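Here's a quick briefing to read with the model open. Take a look at the fold before going through the bullets.

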Amino acid sequence: MTTPHIPIRKLEVDLSQGFARHWHGGDAFRTQYYNALSMSFPVGEQSFIDAVREGVKLLPDTPEHAALRHTVAQFIGQEATHRHVHGLYNAQLEKQGLVNRWQHWANWRIAYGQKKGINVRHLLAITAAYEHCTAVFADGTLRYSSWFEAADPAMRTLWRWHSAEETEHRAVAFEVYQAVGGNHAWRIRWYLYVLVLFAFDALRQTVLNLWHDGTLFKPSTWWNAATFFLGRNGTLWRYTGPLLTYFKRDFHPDQEHALPSAQDLAQGWLVANAGSYRVVR
Ligand SMILES: [Fe+2]
Ligand SMILES: [Fe+2]
């Protein structure tokens with residue numbers, strides 16, 4: 001397995017004063033789509049933390065697993081920081097009148113899984129699946145400069161920082177899943193579940209946000225949505241291929257498919273924006 005160094009960083013972005021209602025270049029759809037994603041993070045990332053934490057407990061306490069344990073601790077540090085920052089972000093969204101339903105859908109499902117005594121290997125498969133989706137989205141955020149060109153600079157920094165760190169730790173949940181003997185068939189089954197669920201949750205929370213924003217029925221919103229999915233560097237074109245790589249039997253998250261590589265993009269952003277964060281450990 002690989003043993004990357006994945007530092008924990010404190011983002012130097014002040015969200016306490018809030019941000020513009022349409023911070024994404026005045027584009028209501030794009031703004032409310034990313035706001036929806038942010039709403040899912042505190043609950044979602046906590047569930048990823050819990051899954052990998054429980055997962056490594058299944059491994060014998062031997063030196064061969066020491067590197068993975070260390071990487072898991074770093075993963076937890078990064079995801080905990082993301083939870084915190086997106087918690088501050090979401091508090092501002094609440095002040096703007098938006099309503100976070102996604103967190104309740106996720107909490108309900110997590111509670112249901114616990115009630116049914118879901119096996120930790122399944123939780124790891126779900127986490128690895130979400131982490132692949134996140135890594136694909138993160139790669140796009142860093143690769144296609146136009147995606148955040150018009151965004152508020154602080155918000156652009158926040159999303160690119162999160163993207164860089166998602167790229168750094170993209171293999172951790174997958175490697176814990178492999179280490180505890182998770183198999184291919186269940187990895188694929190849970191990935192299909194996650195793809196459908198994620199698309200459905202992201203859609204309904206975005207629509208809800210647009211409704212509360214008063215922009216759901218504006219033609220410009222629908223035009224912006226069409227451009228987001230189908231325009232030049234539209235997400236449909238850019239996400240589909242990388243999302244499909246997860247079905248390969250020999251898939252590993254650190255396989256690169258484009259130049260510059262996702263890791264190079266992440267490290268490039270971190271070097272160029274070193275003033276935007278402080279390394280904590
Ligand atoms: Fe994260
Ligand atoms: Fe992550």
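What follows covers a helix pair, the nonpolar core and one buried asparagine.

This is a predicted model, where local features need pLDDT of at least 70, side-chain atom pairs count only at pLDDT 80 or more, and totals for chains, interfaces and linings use all residues. Residues are numbered from 1 along each chain as its sequence is written.

**Helix 1 and helix 3**
- The axes (lines fitted to C-alpha atoms over the stretch in contact) of helix 1 (residues 28–57) and helix 3 (residues 102–115) come within 8 Å and cross at roughly 25°; helices here are DSSP runs of H or I, at least four residues.
- That crossing makes the two helices roughly parallel (angles under 35 degrees).
- On the helix 1 side, the residues in contact (C-beta atoms, placed from the backbone, within 7 Å) include Ala36, Met39 and Gly44, and they meet helix 3 residues including Trp102, Ala106 and Ile110.

**Nonpolar core**
- The largest nonpolar core (buried Ala, Val, Leu, Ile, Met, Phe, Trp, Tyr and Cys residues joined through C-beta atoms within 7 Å) has 62 residues, and Val52, Val72, Leu124, Ala129, Ala173 and Val176 touch the most other members.
- Helix 4 gives the largest share of this core, 14 residues.
- Beyond four places in sequence, valine 52 is in contact with Val72, Phe75, Ile76, Thr127, Val172, Ala173 and Val176.

**Asparagine 224**
- Asparagine 224 sits in helix 8 (residues 219–230).
- Asparagine 224 counts as buried because it has 23 C-beta neighbours inside 10 Å, the cut-off being 20 or more.
- Leaving out residues up to four places away in sequence, asparagine 224 touches Asp27, Ala28, Phe29 and Arg30.

Terms used
Chains are lettered from A and ligands numbered from 1 in the order in which they are written. Axes are lines fitted to C-alpha atoms, for helices over the stretch in contact, and angles run from 0 to 180 degrees between N-to-C directions. Angles under 35 degrees count as roughly parallel, over 145 as roughly antiparallel, 65 to 115 as roughly perpendicular and the rest as oblique. Two residues are in contact if their C-beta atoms, placed from the backbone, lie within 7 Å. A residue is buried if 20 or more other C-beta atoms lie within 10 Å of its own, exposed if 12 or fewer, and partly exposed in between; C-beta atoms are placed from the backbone.
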